[in-house]
Amino acid sequence: MKGGFSQAALLFFLPWCISGAYESRLCVTNMTPHHKEQHVVITPSANILCFGAAHFDRTLQCIGHFIPAASNPVRTLHRKPGGVARNIAVHLRLLGNNVAMLSAVGDDGDGEYVIAALSELGIDTRRMMKLEDKHTAGYTAVLDETGELALGMMDAEVYDFLTIERLAPELSNLKAWPWWMMDANLPVETISWLADNKGDTKLCAATVSPSKAVRFKPVLDKIDVLITNRAEASILTGIEIKETDQAVTAIQLLRGKGIPDVVITLGATGVVSSSQNGTAFWPPLPTKVRDVNGAGDAFYSGFLSAFSKPDATMDGAVAHGLAMASLTAETDGTTVWNLTTEAVETRAAQAEKRPLD
Ligand SMILES: Nc1ncnc2c1ncn2[C@@H]1O[C@H](COP(=O)(O)OP(=O)(O)OP(=O)(O)O)[C@@H](O)[C@H]1O
Ligand SMILES: [Mg+2]
């Protein structure tokens, strides 16, 4: 071979080149002008395309007593990008994966900021749609003077424009990604269409909230990985989940619908996992809890980062999910910016599996 790709390597890289996923990792090669005979170094890192919410979260606190239907003086506590798919994409990227994000923002400054913040991390944002005359989605929380939620407002209208018509021309490109992580902010028709057309791509579903979880109901048999909390799992199964044994009944029902790998997260109680190798309960890792906001999304990213690697196992993925949830619960906000492999691995090694069958 004369200093180039072998045919096998070319075939391996072709889907990445089509999708643009090669950007961050392919640069790490030994193909310098002086080392033309050396082989390309392949980092076995997954290529994950995240579909769903990327928006702005704002938290405001009233300076005085909250008065409805009046102008209340407030101070801004936080103003930062959020959204389930965005949260998962960011941690996946910080864990070293090749990640792209597909979402819609408005033609405004918030949208530009959201895209720039993803791009700066090395997330491929070329499938982010900037829609004219629309507003970037956002969640605004107004706290009263004691810090309790007085009013929460979610504007997610822009996601309704992630239609089949807009995505259809991109389908072959989207299918070049071996993993799709999809949150339930997409319209139900789009979710169904993508599920029907995923080809060999693995579809990983994130249910977001009880009201949005229902959007995955028509395609349960096409989902490859489902991670859902107890309230969302109840909506999908009709089973009330208070105790672990109810979560086990629900998880078996979901696997019976055709989902090979399922996790139900149970907040401070831990998680239940189920795959062809059995069902298990896992207590949470020892955690100095500071802010549990985003722990569920963090579990997802730790799980998927591990699960999408070659030779991955369900148990290894759950351990890494628990590690990320624990690290995030010890951090203010939804993102652990100073993530290290060592911190994740040390914590994952503490995970304790309790088989249930
Ligand atoms: N209080 C806690 N103490 C320890 N671990 C926790 C606690 N709360 C959550 N976790 C960890 O985070 C995981 C996910 O939490 P949870 O089930 O609340 O997800 P969620 O409802 O999707 O959260 P969110 O959507 O707010 O991110 C749990 O399985 C557990 O491992
Ligand atoms: Mg959640």
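**Helix crossing and sheet edges**

Tutor: The axes of H12 and helix H13 (residues 341-348) come within 8 Å and cross at roughly 115 degrees. This is a predicted model, where local features need pLDDT of at least 70, side-chain atom pairs count only at pLDDT 80 or more, and totals for chains, interfaces and linings use all residues. Residues are numbered from 1 along each chain as its sequence is written.

Student: What makes H13 a helix here?

Tutor: Helices are DSSP runs of H or I with at least four residues, and strands are E runs of at least two, numbered from the N terminus. H13 covers residues 341-348, so it counts as a helix by that rule.

Student: How is the angle between H12 and H13 defined?

Tutor: Axes are lines fitted to C-alpha atoms, for helices over the stretch in contact, and angles run from 0 to 180 degrees between N-to-C directions. On that scale, H12 and H13 cross at roughly 115 degrees.

Student: Which residues of H12 and H13 meet?

Tutor: Contact requires C-beta atoms, placed from the backbone, within 7 Å. Ala 319, His 320, Ala 323, Met 324, Ser 326 and Leu 327 in H12 meet Ala 343, Val 344, Arg 347 and Ala 348 in H13.

Student: Why are E4 and E15 called edge strands?

Tutor: Two strands pair if DSSP finds at least two bridges between them. E4 (98-102) and E15 (354-355) each pair on one side only, at the ends of the order E4-E1-E9-E10-E11-E12-E13-E14-E15.

Student: What makes E9 and E10 a pair?

Tutor: Five bridges join E9 (residues 179-183) to E10 (residues 202-206), so the requirement of at least two is met.

Key. Chains lettered and ligands numbered in written order. Contact = placed C-beta atoms within 7 Å.
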